[in-house]
Amino acid sequence: MIEIKNISKTFLTAENEVQALKGITLTVNDGEIYGIIGMSGAGKSTLVRCINMLEKPSSGTIVINGKDMTALNEKELRAARSKISMIFQSFNLLMQRNCLKNVCFPLELQGMKKADAVKRAKELLELVGLPDKAKSYPSQLSGGQQQRVAIARALATDPDVLLCDEATSALDPKTTSDILDLITDINRRLGITVIVITHQMSVVERICSRVAILDNGIVAEEGKVTDIFTRPHSDTAKRLVFPDDPGIVTEDEKERLVRAVFDGRTSADSPLIAQMAISQNIIANIRSASTKTISGKLYGSMILALPDDDEIVRRAVEYLNSQNVITEVL
Amino acid sequence: MPENNAWAEALEILKNDMPLALWETFYVTVVSTFFAFVIGMPLGILLVAGEKNGVLPLPAWLMKTLNVIINLLRSVPFIILMIMVFPVTRLIVGTTVGTVASIVPLVIAAFPFVARLVESSIRETDRGVIEAAQSMGASPFKIIVKVMVPECVPSLVSNATIAITTILGYTAMSGIIGGGGLGKIAINYGYYRYKYLVMLFAVVIHVLLVQLFQGIGTRLAIKCDKRIKH
């Protein structure tokens, strides 16, 4: 278990102080994939660096499996770090070493015998799907392949925790999806706790079970991903979950906008809006929709334009709620 | 004809003196460069690693002192430095004259220069890679030995080439204090005895040597750089 307790971090620059983190408290359970999301400058990279003490927090404690990271001396910290691996946006491979030797690197640091290290590294390259790239140099690989090597390297020391700092932000959508599948697979197979730092909602949606939304150094909202995706409360969460909203300001005085959120309780087969028109005689205009079907169930949200009539809006909301659709009158 | 005589005389001198001079220049250059790196390389690494945000932060006063000493040594013209370090030379070699004696001032003049070259190479190390090594629990020493230096090898080779060609130039000056080599030939025959042809030949060979070292160095630097797709 990772307990982040009241972490603050202040950077001193020549002119002033910058408070990057202002009292963050979070708990990450063993074996889960936990997301930390926020816009640039929200403090998420600083927070993840506090977990393995690459940044020393100004105050607060980080307790990993009962061990207070902030209380360790340099030597103890180095030992603890070997069980907390990290992957990065820019992969950070050693460019003058081939892939096999890159994966061997953390084992070399631990003083493992060369033959054993090579054997382990080969297994790991196999695990990440690159057994044929052992002798290739990072510069000869694509971004996605480099990140796979970085993942293999991160797993070499049998870590308990994997920190992913914007690990897919430099990759194209298809490669991102492959890397996320690999991370999920590793999490399931090896039971490693994964903390994912990202600014992409799609990443959180896809692999995380719980998420914390960071805004300006504080946790704006925290909870299960399904809850936050269907009922975001904070403005920051709403901006992230419904990024299209600001564009849909109604100029027509004669209509009212309602957001309908589908959380998988409705079947993708039922023509809900048409049904509402027939059974309730309410004509709704779909302004925008971003939904997807996962195993026959509907997920996502749409913005409906309804006539500007309190009674009609009330009935529409009632009907949608009765169909397990979450609504919000905008 | 007097001109033909000059040519013949020059060729005769070259034939007698050149093989030894070439060897002396070569060996003084290589040995001096070697010792300049033995001293300059750790200093150059410390100049980067010892900074406030480096992997091995050292006290500010120590860094300041190191920088001042390097700058001081670099600002003394070599020809004066050679004479200034006579006591040191005598202490180490037993004499201040001759080829071996010329190695001492060469090393003293070159190591601060090498330290600066190494510093600029090591500074190129990607911060992200250092951070990755730190996240794996690497000690500052391991980061220096296993990350910073190996990652900068191509740049270090390029800079070593600059160092060796510069030191080659210095060896010519050491002819003044009795150091052997091409410089001695050029100065003794060309300057003291007005045999310009001999001097010209010595200079041409010197230029060729620089070209040779530079050519090999550049090629090596490219060849060992794994970032370049071959």
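In this short talk I will go through a predicted model with you, beginning with chain A and then turning to chain B.

Let me start with the layout of chain A. The domain assignment divides chain A into domain 1, which covers residues 2-240, and domain 2, which covers residues 249-329, and the C-alpha centres of these two domains of chain A lie 38 Å apart.

Within domain 1, please look at the start of the chain. Strand β1 of chain A, residues 2-12, runs antiparallel to strand β4 of chain A, residues 59-64, and five bridges join the two; one place to find this pairing on your screen is I4(A), whose bridge partner in β4(A) is I62(A). Strand β4(A) also pairs with strand β5 of chain A, residues 67-68, again in the antiparallel sense and over two bridges, and here V63(A) stands opposite D68(A). What kind of unit do β4(A) and β5(A) form together? They form a hairpin, with two residues between the strands, and N65(A), which sits in the turn, has a positive phi of about 45°.

Now to domain 2, and a general reminder before we go on: strands of a sheet pair through backbone hydrogen bonds, and they may do so in a parallel or an antiparallel way. In chain A there is an open sheet of four strands in the order β12-β13-β11-β14, and its pairing is antiparallel. The edges of this sheet are β12(A), residues 285-294, and β14(A), residues 326-329, each of which pairs on one side only. On average, and ignoring direction, neighbouring strands of the sheet are turned by 15° against each other. Inside the sheet, ten bridges join β11(A), residues 255-267, to β13(A), residues 297-307, and among the residues you can pick out there is D263(A), whose bridge partner in β13(A) is Y299(A).

I would like to stay for a moment with one residue, V329(A), which lies in strand β14 of chain A. Why does V329(A) count as partly exposed? The reason is that V329(A) has 13 C-beta neighbours inside 10 Å, whereas a buried residue would need 20 or more and an exposed one would have 12 or fewer. Leaving aside residues up to four places away in sequence, V329(A) touches R256(A), V258(A), V313(A) and V317(A). V329(A) and A260(A) are 69 residues apart in sequence, and yet their C-alpha atoms are 8.9 Å apart in space.

Let us move to chain B, which has ten helices and zero strands. Its C-alpha atoms fill a box of roughly 80 × 50 × 25 Å along the principal axes, and of its 230 residues, 40% count as buried. If we take contacts in chain B between residues at least 6 apart in sequence, 70% of them join residues at least 24 apart.

One helix lets us do a small check. Helix α2 of chain B, residues 60-75, has 16 residues and should span 22 Å at 1.5 Å a residue, and because its end C-alpha atoms are 23 Å apart, the two values agree. This helix is hardly covered, since one of its 16 residues is buried.

Finally, where do the chains meet? In this contact, 18 residues of chain B touch 18 residues of chain A. On the side of chain B, α6(B), residues 127-135, and α7(B), residues 140-151, each supply at least two residues, and the largest share, six residues, comes from α6(B). By class, that side of chain B has seven nonpolar, five polar and six charged residues.

Key: Residues are numbered from 1 along each chain as its sequence is written. Chains are lettered from A and ligands numbered from 1 in the order in which they are written. This is a predicted model: local features need pLDDT of at least 70, side-chain atom pairs count only at pLDDT 80 or more; totals for chains, interfaces and linings use all residues. Domain bounds come from an automatic or database domain assignment. Two strands pair if DSSP finds at least two bridges between them. Axes are lines fitted to C-alpha atoms, for helices over the stretch in contact, and angles run from 0 to 180 degrees between N-to-C directions. Two residues are in contact if their C-beta atoms, placed from the backbone, lie within 7 Å. Ala, Val, Leu, Ile, Met, Phe, Trp, Tyr, Cys and Pro count as nonpolar, Asp, Glu, Lys and Arg as charged, and the others, Gly among them, as polar. The expected span of a helix is 1.5 Å times one less than its number of residues.
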